[in-house]
Structures are given as structure tokens and as C-alpha cells.
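Visitor: Please pick one part of this model and go through it closely. I would like the surroundings covered as well, with the values stated.

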Amino acid sequence: MNRLKDETGAATAEYAIATMAAVGFAGLLVIIMRSDEVRQMLFDLVKSALTFTNPNSTPAL
């Protein structure tokens, strides 16, 4: 009965499961990033985020 209450190694098992989930997620990201469409979409998103436009400026004539 005491064997069920023993939590020795529980934290290590939790870290192992979290690490395996992170590795799986990283692998999925690598597969997704190989797609040209996704790569272009992310590039455009970063480019638009880094481009400054002043909302108070008047358009040039």
C-alpha cells in the first residue's frame, strides 16, 4: 500500500514528458517552416511589424 504513495522520481518523469512534448512540437515547427507559403507569410508578418508608418503624417502630394 505504501508503494502507491511513494512519489520518488515523479518530478523526473514529468520533466521527461514535458521534454518529449517540446521535442515533438519543435519537429512539427520544422516541418511547417519548410513550406514556402508559410515561410513567406511569416516573412511578410515580420516585415510589416518592423515597418514604421506614422499615422499622423499627411500623404505626399
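Guide: Leu-29 has a relative accessibility of 40%, so it counts as partly exposed. The cut-offs explain the label: buried means under 20%, exposed means over 50%, and partly exposed is what falls in between. The model is a predicted one, and the accessibility is computed from its atoms. Leu-29 sits in helix α2, which covers residues 10-33.

Leu-29 also belongs to a nonpolar surface patch, together with Phe-25, Leu-28 and Ile-32. The area of that patch is about 360 Å². Membership of a patch requires over 30% relative accessible area, and Leu-29, at 40%, meets this requirement.

The confidence behind this part can be put beside that of the chain. In α2 the mean pLDDT is 90, the highest in the protein chain, while helix α1 (residues 2-5) has the lowest, at a mean of 64. The chain as a whole averages 83, and 89% of its residues score at least 70.

The setting of α2 is simple to state. The chain has three helices and zero strands, in the order α-α-α from the N terminus. Of its 61 residues, 0% count as buried. The exposed area of the chain comes to about 6,200 Å², with 67% of it supplied by carbon and sulfur atoms.

Helix α3 (residues 36-50) holds the charged pair Asp-36 and Arg-39. Their side chains form a salt bridge, with an N to O distance of 3.6 Å. That distance qualifies because the rule asks for a side-chain nitrogen of Lys or Arg within 4 Å of a carboxyl oxygen of Asp or Glu. The count by this rule is one salt bridge. Asp-36 and Arg-39 are three residues apart, about one turn of the helix. Asp-36, at 55% relative accessibility, is exposed, whereas Arg-39, with a relative accessible area of 41%, is partly exposed.

Further along α3 lies Ser-48. A polar atom of the Ser-48 side chain is 2.9 Å from the backbone oxygen of Leu-45. Ser-48 is partly exposed, its relative accessible area being 48%.

As for α3 itself, its 15 residues should span 21 Å at 1.5 Å a residue, and the end C-alpha atoms are 21 Å apart, which agrees. The expected span is taken over one less than the number of residues. Zero of the 15 residues of α3 are buried, so the helix lies largely in the open.

To return to the part chosen: Leu-29 is a partly exposed residue of helix α2, and one of the residues that make the nonpolar patch.

Notes
Residues numbered from 1 in each chain as written. Predicted model: local features only at pLDDT ≥ 70, side-chain atom pairs only at ≥ 80, totals over all residues. Heavy atoms only, no water. Patch = residues over 30% accessible without salt bridge, like charges linked within 9 Å, V, L, I, M, F, W, Y side chains within 5 Å. Areas by Shrake-Rupley, 256 points an atom, 1.4 Å probe, with all protein chains shown as cover. Helix = DSSP H or I, 4+ residues; strand = E, 2+ residues; numbered from the N terminus. Buried < 20%, exposed > 50% of the residue type's maximum accessible area, 1.4 Å probe, protein only. pLDDT = per-residue confidence, 0-100. Polar contact = N/O pair within 3.5 Å; in protein donor to acceptor, adjacent residues only side chain to side chain.
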